[in-house]
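This report describes one protein chain for a reader who is new to structural analysis. Please keep the sequence and the three-dimensional view at hand while reading.

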Amino acid sequence: MVSNITELEVLDNFRANLKSIMKSQNLTEAELSVRAGFDEEHAIADIMRGRALPSMVAPVRLADALGVPVDVLLRDRNEHLQQHFEALPVQEVDRQAARLLSAVFKATERSLDRMGDRPTLDSIISWWKETDGDLSKSDQIAPHFDLVSAAEALTSIPRIHHVGALGLSATTLGSAENSRLENFLETLSTSDLAELNGQIRSVAHSGVGMITPLKRIVPFPETNETVEVSFVRLMLPVRDASGTLFVLNYSTLLSKSTPRRQDG
């Protein structure tokens, strides 16, 4: 059950935690802005003094730059006063994520008609809230997301049901064919596959979205090259007209390296 935390409380917690971690790492606002890849050096100052929640991407980028889990920036500062932060159990992460999403929903309500050529994380979440994850109402955004479900075995490749032709998977891999994404997933380690399947199961069973910053090395056997991709992945539980449950996978690119020739 999502608690009735207000947007202002989430923002206060976010600022207090961010300030504490910056102090412990001897970082200025300008230094963190640069490290997190913001265009403006005063981006952190604007967040610390603003009256509204930043976009969904900001906490993810900041957590990645600071080397802490996203939930550390969002947890209630009165409940978690330890100087050394640790990752939360899955159930607590789900609870914190639900609180964040609930507050962000109130701050990011906007019409799909105002979306640009590529939807933002916030607009995908707004669509999910407005439609209750109804895939029959996803025509406008369907080309941008993938649909998956967990494999029976944690270390097996997740089931791929749809690859959006304009999504990050298709544009990075150069194909919207399910088999191309499956071939890429085969290159992941067993621990990465177990983590991925575990996250898909958690989102499907809990009904709570999950946002994860990731880096992946993408191989291209045809040219014997690899590309390193940094991105933010959003997972949301959705259903089709028959009520079948899937997990929507939407990713937004943070950075992409130039192709590198593989040795050997």
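Is N224 buried, partly exposed or exposed? With a relative accessible area of 26%, N224 is partly exposed; the classes are buried (under 20% relative accessible area), exposed (over 50%) and partly exposed in between, with a 1.4 Å probe and protein chains only.

## Basis of the report

The model is predicted, so local features need pLDDT of at least 70 and side-chain atom pairs count only at pLDDT 80 or more, while totals for chains, interfaces and linings use all residues. Residues are numbered from 1 along each chain as its sequence is written, and side-chain values use heavy atoms, with hydrogens and water left out.

## The chain as a whole

The chain contains ten helices and six strands. These elements are DSSP runs numbered from the N terminus, helices being H or I of at least four residues and strands E of at least two. Of the 264 residues, 50% count as buried. The accessible surface of the chain is about 13600 Å², and 49% of this surface belongs to carbon and sulfur atoms; the areas come from the Shrake-Rupley method with a 1.4 Å probe, and for residues only the protein chains shown count as cover. Among contacts (heavy atoms within 4.5 Å) between residues at least 6 apart in sequence, 56% join residues at least 24 apart.

## Nonpolar cores

In soluble globular proteins, nonpolar side chains tend to be buried together. Here a nonpolar core is a set of buried Ala, Val, Leu, Ile, Met, Phe, Trp, Tyr and Cys residues joined through side-chain atoms within 4.5 Å. The largest such core has 41 residues, of which L18, L32, L62 and L248 touch the most other members. Two or more residues each come from α1 (7-24), α3 (43-49), α4 (57-66), α5 (70-74), α7 (121-131), β4 and β5. The most is given by α4, with six residues. Leaving aside neighbours within four places in sequence, L18 is in contact with L32, I44, M48, L62, L66 and L73. Apart from this core lies another, of 24 residues, including V163, L168, M210 and L214.

Helix α7 is mostly covered, with nine of its eleven residues buried. The buried residues of α7 are L121, D122, S123, I124, I125, S126, W127, W128 and T131.

## The largest cavity

Rolling a probe the size of a water molecule over the atoms shows where empty space is left. A cavity is a set of points, on a 1 Å grid over the protein atoms alone, where a 1.4 Å probe fits but cannot get out, and its lining residues have an atom within 4 Å of a point. Grid points are joined across faces, edges and corners, and a volume is the space filled by probe spheres set on the points. The structure holds four cavities of 30 Å³ or more, and the largest has a volume of about 360 Å³. It is lined by 22 residues, of which S169, L181, F184, F231 and N249 are the closest to its centre.

At least two lining residues each are supplied by α8 (168-173), α9 (178-185), α10 (190-206), β3 (210-220), β4 (225-239) and β5 (245-256). The lining divides into 16 nonpolar, four polar and two charged residues. In this division Ala, Val, Leu, Ile, Met, Phe, Trp, Tyr, Cys and Pro are nonpolar, Asp, Glu, Lys and Arg are charged, and the others, Gly among them, are polar.

Strand β3 also contains R216. Which class does R216 fall into, buried or exposed? R216 counts as buried because its relative accessibility is 13%. Beyond its neighbours within four places in sequence, R216 is in contact with F184, L188, D192, V227, E228, V229 and F231.

## Residues in the loops

The table lists four loop residues with their relative accessibility.

| Residue | Loop | Relative accessibility | Class |
|---|---|---|---|
| D132 | between α7 and β1 (146-149) | 71% | exposed |
| G174 | between α8 and α9 | 66% | exposed |
| N224 | between β3 and β4 | 26% | partly exposed |
| T244 | between β4 and β5 | 36% | partly exposed |

D132 follows α7, and its phi is near 60°, a positive value in a residue other than glycine. For N224, phi is likewise positive and near 60°. The C-alpha atom of G174 is separated by 9.7 Å from that of F220, 46 residues apart along the chain. Leaving aside neighbours within four places in sequence, T244 is in contact with V238 and R239.

Conventions:
1 Å grid on protein atoms, 1.4 Å probe; cavity = no way out; pocket = protein on both sides within 12 Å on 5 of 7 lines; lining within 4 Å.
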